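Welcome to a short tour. Keep your viewer open and select along with the text as we go from stop to stop.

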Amino acid sequence: MARDGGVTWRRTEKIDRFNLSAADTAEELHVLAVDDSLVDRKVIERLLRISSCKVTAVDSGIRALQFLGLDEEKNSNGFNDLKVDLIITDYCMPGMTGYELLKKVKESSVFREIPVVIMSSENVLARIDRCLEEGAEDFIVKPVKLSDVKRIKDYTTREFRVGEEERTRKGINKRKQRDSFDLSSSSPPSILSSSPVSSSSSSPESQSPSPSPPSIPSASSAPSSPSPIDSHSPTRRVKTTSSE
Amino acid sequence: MNIVNQLQRQFIDFSTSLHREGFVDDQFTQLQKLQDENSPDFVVEVVSLFFEDCEKLINNMARALEQTQGVDFKQVDASVHQLKGSSSSIGAMRVKNACISFRSFCEAQNREGCLRCLQQVTHEYSLLKNKLQTLFTLEQQILAAGGSIPVVD
């Protein structure tokens with residue numbers, strides 16, 4: 001375990017396995033998890049590892065930027081060889097919030113393509129919208145469950161494999177209302193994750209069975225499609241025009 | 001019934017009561033499911049971190065509420081918010097609920113109310129600690145007797 005200030009960098013237990021084949025290595029996503037809560041970091045790390053991801057967990061936005069090499073003052077050369085495939089960050093953090101971190105990442109020409117997922121214990125619509133508008137890939141209401149990780153992993157992997165085209169078709173459908181789910185299984189979200197594409201104005205794709213999909217909390221209309229409130233649909237950060 | 005079965009029965013009953021009495025919710029079950037041979041002590045580890053967090057935060061709240069020259073309710077609220085977050089993450093439902101009430105008193109800047117809530121939170125934390133210690137002991141006993149820990153959904 002290497003430590004550098006607040007950075008805990010632990011290799012996954014499966015390191016031997018993925019060193020054997022280049023294909024395996026390429027498949028394992030490297031996730032940078034950012035959360036000031038030690039308990040939450042421990043949980044998210046476990047969730048990610050059990051989902052076959054490599055994880056680097058840091059306790060602040062600053063450290064996240066340092067790890068990425070975006071911090072102007074410090075250059076964390078030693079870590080730069082592990083490409084980050086996804087950033088998952090808590091919203092409420094002292095110092096730099098998850099939102100601010102999101103902005104910094106999206107402002108960077110080098111890192112803007114990395115999907116950023118925001119986690120928050122507060123299910124605040126305005127907050128969710130703001131994050132999505134700024135380019136967040138998804139917004140997870142805490143506590144984070146395995147089904148959440150599976151969902152984001154699915155579409156992150158898909159992005160890799162399918163690339164631009166897929167990305168432009170992706171809509172904003174990933175908010176969830178914690179209460180509306182059966183917590184024990186990965187039912188609706190997983191089903192949706194298999195077809196994450198859904199623009200706010202159209203109906204879901206044919207392959208999506210969409211059983212009561214995640215709907216936005218209270219204030220919104222609850223469309224039957226896995227999409228957010230139409231009137232609030234933020235523009236996707238990428239070149240997409242799918243959400244109108 | 002042999003000893004393993006007896007212990008397993010006890011474990012199941014105890015687990016069920018923890019859920020029924022609201023000490024833990026489904027998030028706790030989720031964490032239990034994340035434990036496996038690669039990470040056999042995951043739950044105990046997270047729970048330990050949580051209890052350490054609890055103690056630290058409770059102390060912070062107590063200190064902040066003691067300030068005679070004026071309580072910084074924002075500071076108290078910040079600690080409550082953190083505790084609410086971590087209790088939610090591990091499924092410590094009663095602690096979490098106690099935090100929710102606590103936050104309203106912080107918002108209302110009601111010192112007496114806050115002190116009562118602090119008492120409540122502290123109480124729930126000790127109750128939970130005892131309960132989980134019992135649970136973990138049962139687990140150890142089952143394993144020592146050569147059995148496996150039942151999955152209680």
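Helices and strands are here DSSP runs, a helix having at least four residues and a strand at least two, numbered from the N terminus. With that in mind, select chain B and follow its sequence: the pattern reads α-α-α-α-α-α. That gives six helices and zero strands. One thing to remember throughout is that you are looking at a predicted model.

**Stop 1: chain B as a whole**

Keep chain B selected and show just its C-alpha atoms. Along the principal axes, they fill a box of roughly 60 × 30 × 20 Å. Chain B has 153 residues, and 48% of them are buried. Now think about contacts between residues with a separation of 6 or more in chain B: 68% of these involve residues 24 or more positions apart. If you switch on a surface, you will be viewing about 7600 Å² of exposed area for chain B, with carbon and sulfur atoms supplying 48% of it. Colouring by charge is worth a try too. Chain B carries 14 positive and 19 negative charges, and the mean positions of the two sets are 7 Å apart.

**Stop 2: the start of chain B meets its far end**

Select Ile12(B), in helix H1 (residues 3-20) of chain B. Is Ile12(B) buried or exposed, or does it fall in between? Its relative accessibility is 25%, so Ile12(B) counts as partly exposed. Next, add Val151(B) to the selection. Ile12(B) and Val151(B) are 139 residues apart in sequence, yet their C-alpha atoms are 8.2 Å apart in space. Show Pro150(B) and Val152(B) as well: setting aside neighbours within four places in sequence, these are the residues that Ile12(B) contacts.

**Stop 3: aromatic rings**

How many aromatic pairs are there over all chains? The count is two. Select Phe50(B) and Phe51(B) for a look at one of them: the ring centres are 5.5 Å apart and the planes meet at 45 degrees, so this pair is tilted. Phe50(B) is buried, with a relative accessible area of 0%. Phe51(B) has 8% relative accessibility and counts as buried as well, because the cut-off for buried is under 20%. Now add Tyr125(B), and you have a cluster of Phe50(B), Phe51(B) and Tyr125(B) linked by ring pairs.

**Stop 4: charges over rings**

Select Phe23(B) and Arg94(B). Arg94(B) lies over the face of Phe23(B), 4.0 Å from the ring centre. For another example, select Phe42(B) together with Arg46(A), a residue from the other chain letter. The charged end of Arg46(A) sits over the ring of Phe42(B), at 6.0 Å from its centre.

**Stop 5: a bend in the backbone of chain B**

Go to Gln109(B), in the loop between helix H5 (93-107) and helix H6 (111-144) of chain B. Gln109(B) is not a glycine, but its phi is positive, at about 55 degrees. What is its relative accessible area? The value is 54%, so Gln109(B) is exposed.

**Stop 6: over to chain A**

Select chain A and count its elements: nine helices and seven strands. Of its 244 residues, 56% count as buried. Where chain A residues at least 6 apart in sequence make contact, 67% of the contacts join residues at least 24 apart. Chain A exposes about 10300 Å², and carbon and sulfur atoms supply 50% of that area.

**Stop 7: three places in chain A**

Begin with Arg41(A), found in helix H3 of chain A. Arg41(A) counts as buried, because its relative accessibility is 12%. Add Ala57(A): the two are 16 residues apart in sequence and 6.6 Å apart from C-alpha to C-alpha. Beyond neighbours within four places in sequence, the contacts of Arg41(A) include Asp35(A), Asp36(A) and Asp59(A).

Next, select Ser52(A), in the loop between helix H3 (38-50) and strand S4 (54-58). Here phi is near 60 degrees, a positive value in a residue other than glycine. With 31% relative accessibility, Ser52(A) counts as partly exposed.

Finish at Pro143(A), in the loop between strand S7 (138-141) and helix H7 (146-162) of chain A. Show the backbone from Lys142(A) to Pro143(A): this peptide bond is cis, with omega near 5 degrees.

Notes:
Residues numbered from 1 in each chain as written. Chains lettered and ligands numbered in written order. Predicted model: local features only at pLDDT ≥ 70, side-chain atom pairs only at ≥ 80, totals over all residues. Heavy atoms only, no water. Buried < 20%, exposed > 50% of the residue type's maximum accessible area, 1.4 Å probe, protein only. Contact = heavy atoms within 4.5 Å. Areas by Shrake-Rupley, 256 points an atom, 1.4 Å probe, with all protein chains shown as cover. Lys, Arg positive; Asp, Glu negative; His and termini not counted. Charge placed at Lys NZ, Arg CZ, Asp CG, Glu CD. Phe/Tyr/Trp six-rings, centres within 6.5 Å; stacked < 30°, edge-to-face > 60°. Lys NZ or Arg CZ within 6 Å of the ring centre and 35° of its normal.
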